[in-house]
Amino acid sequence: MTDILVQLGNGFLACLHPTTMLMLVVGIIVGLLVGVLPGLTLVMGVVLFLPFTYKMQVTDAIVLLSAMYVSGTYGGAFTSILFRIPGEPIHVPLLWDGYAMARKGKPAQALGWTLIAAFVGGLLSAVAMVLLTKPVASFALRFSSPEYFAILVFGLTSVIALGSGSLANALISLALGLLIASVGTDAIYGAERFTFGMPIFADGIEFLVVMVGAYGVGEVLTRLERGFSSKPLAAVATTKTKLPSLGEIGAVKSMLLRSTVIGHIVGLIPGAGATVAAFVSYGVEKQFGRKRAEMGSGVVEGIVAPQSAATASVGGALIPLLALGIPGSGATAVILGAFMLHGIQPGPQIMATSSAMVYTIFASIFIGIAVMCLMGYFAIRPLVKILDFPESIVSAFVMLFCFVGALAIRSNVTDLWLMIGFGALGYLFERYGFPIAPLVLGVILGPLAEESFMNSMISFSNDWTVFFTRPISGTVMALAILTLSLPIIGLIRNRRKPGASLAAAPAAAAEPNKAAPATAAPRAVRP
């Protein structure tokens, strides 16, 4: 424990370096803006800034992206409460009670409770992150290639099982991502695959091109088809934040702690992320909370539960990323990409080889939460004023960042064409209900899974049963199979019930306010 405190203290000192602190503040500001601006999502914002981290020191790059991740879970709360426009699916549950409280003439109180929930949830989750990452990494040091392969399979199947929509579509998306990852030179035997005689493909397709295209360009094309909003939203010039008293906070402390724990645990699950955490936490309060009958009418519990869980999920998602090299959410998948851009593979060894960097990242999370809340308290009017930007202007800047980022990777025009192609693919995915997350994670984790699989085959004489006979890998593979089987079992049971809908059932159980939209199109909601 003393060693952890000493290293964390050194991490705080490292964060005071001017460049690191500048990246931290910039990340917080950009994350808040991404959460507020219509047309941008948290993952897209992190993706757009990823190429610009290529020339940075790795610590500064991760601090920048992590700060965006933290503040992005909070920024969209302003538009949800004031305008009934959830900046992210994360904030749909918050909208149900936050906007209702604002309609009662208490927008300042709703914003105050949101700030407290984000601060407490993020802070407690960061403490748990510091305490748990090293033990998880130490345990993972006993892993060999079969264990790594099993964990990667579990991460990929979790993304499929926890994704929304069709399971078949998610499997197709993942398979396509793995196929894209196989383009290039084989890491074990040095043979070229699917290069079609083009030298640029010998090094493979950069995952950054796939991410920027599918998320950034694809989203702009989707919004272009839907039609940009021609009228900017008017800002609320008199908006302010009113913090609750200590007595009021004490009255909901058990619920606040429960929601934080739920968010942290959900964040640990690969593929879940802040959106799942927010909905699960809200659902728990709706079913078992002290004011469950009043949820949806503007009660404090309906604001605190989803926001604290969403922010707490950040600390949970960073644990498998740093300790195992498995991203726990879409944003951490991008952060994994930043590590790999700098030649660093997160995993059990990172605590031993780069502990100073890891604890600097830990310290930046603590400082970032404090800075985020200060900005949320004092800078709410400028943040809301950003909504005056027309959607078409925002989309134009998104496209500009996409082209600059794709060209900065290898300074090759072919990457621009690839980015446009993956943008078209992302648009088609969005239109026909195919999730993008399995595609992206397949591109990122595919080479790692292939290398672990091939090393296992070489080390164990092509005995594929090694993944099931070794205790740790066998347990993880069983969990992966179970995770993939549960949605299939649910589909079979649902088909046996005439008139039932797998998607509608949980939505109907969780949605207390029929006037509030579901997650299918959160940005289309208008006050």
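Val70, Gly122, Ser125, Ala126, Thr311, Val314, Gly315, Ile365 and Ile369 make up the wall of the second largest cavity. Keep in mind that this is a predicted model. The cavity encloses about 40 Å³, while the second largest pocket holds about 580 Å³. Below are both spaces, followed by three helix pairs: H10 with H15, H10 with H21 and H4 with H15.

**The second largest cavity**

- The count of cavities of 30 Å³ or more comes to 3.
- Who builds the wall here? Helix H7 (107-140), helix H14 (300-324) and helix H17 (355-378) each put at least two residues into the lining of the second largest cavity.
- You won't find a charged residue in that lining, which splits into 5 nonpolar and 4 polar residues.
- Glycines and valines both turn up in the wall, including Gly122, Gly315, Val70 and Val314.

**The second largest pocket**

- This pocket has a volume of about 580 Å³, and 24 residues line it, with Ala181, Asp203, Gly204, Met340 and Pro447 the closest to its centre.
- Helix H9 (167-181), strand E1 (184-185), helix H15 (330-341) and helix H21 (437-459) are the elements giving two or more residues to the pocket lining.
- Which element gives the largest share? That would be H21, with 7 residues in the lining of the second largest pocket.
- Charge does show up in this lining: the tally is 14 nonpolar, 4 polar and 6 charged residues.

**H10 against H15**

- Helix H10 (residues 207-226) and H15 have axes that come within 11 Å and cross at roughly 150°.
- Angles over 145 degrees count as roughly antiparallel, so that is how H10 runs relative to H15.
- As for handedness, H10 goes past H15 in a left-handed crossing.
- On the H10 side the contact uses Phe207, Leu208 and Met211, and on the H15 side Val334, Gly337, Met340 and Leu341.
- By class, that contact between H10 and H15 comes out as 6 nonpolar residues, 1 polar and no charged.
- Met340 does double duty: this residue is in the H15 contact with H10, and is also listed among the residues closest to the centre of the second largest pocket.

**H10 against H21**

- The H10 and H21 axes lie 9 Å apart, and the two helices pack at about 170°.
- At that angle, H10 and H21 are therefore roughly antiparallel to each other.
- From H10, the residues taking part are Phe207, Val210, Met211, Ala214 and Tyr215, and they meet Ala437, Leu439, Val440, Val443 and Ile444 of H21.
- How many polar or charged residues are in this contact? There are no polar and no charged ones, just 10 nonpolar residues between H10 and H21.
- Phe207 and Met211 of H10 touch H21, and both also appear in the contact with H15.

**H4 against H15**

- Helix H4 (residues 58-75) packs on H15 at an angle of about 170°, and their axes are 10 Å apart.
- That angle makes H4 roughly antiparallel to H15.
- H4 brings Val58, Ile62, Leu65, Ser66 and Tyr69 to the contact, where they meet Ala331, Thr332, Ile335, Ala338 and Phe339 of H15.
- This contact of H4 with H15 sorts into 8 nonpolar residues, 2 polar and no charged.

Notes:
Residues are numbered from 1 along each chain as its sequence is written. This is a predicted model: local features need pLDDT of at least 70, side-chain atom pairs count only at pLDDT 80 or more; totals for chains, interfaces and linings use all residues. Side-chain values use heavy atoms; hydrogens and water are left out. On a 1 Å grid over the protein atoms alone, a cavity is a set of points where a 1.4 Å probe fits but cannot get out, and a pocket is an open set with protein on both sides within 12 Å along at least five of seven lines; lining residues have an atom within 4 Å of a point. Grid points are joined across faces, edges and corners, and a volume is the space filled by probe spheres set on the points. Helices (H or I, at least four residues) and strands (E, at least two) are DSSP runs, numbered from the N terminus. Ala, Val, Leu, Ile, Met, Phe, Trp, Tyr, Cys and Pro count as nonpolar, Asp, Glu, Lys and Arg as charged, and the others, Gly among them, as polar. Axes are lines fitted to C-alpha atoms, for helices over the stretch in contact, and angles run from 0 to 180 degrees between N-to-C directions. Angles under 35 degrees count as roughly parallel, over 145 as roughly antiparallel, 65 to 115 as roughly perpendicular and the rest as oblique. A crossing is left-handed if the near helix is turned anticlockwise from the far one by less than a right angle, and right-handed if clockwise. Contact means heavy atoms within 4.5 Å.
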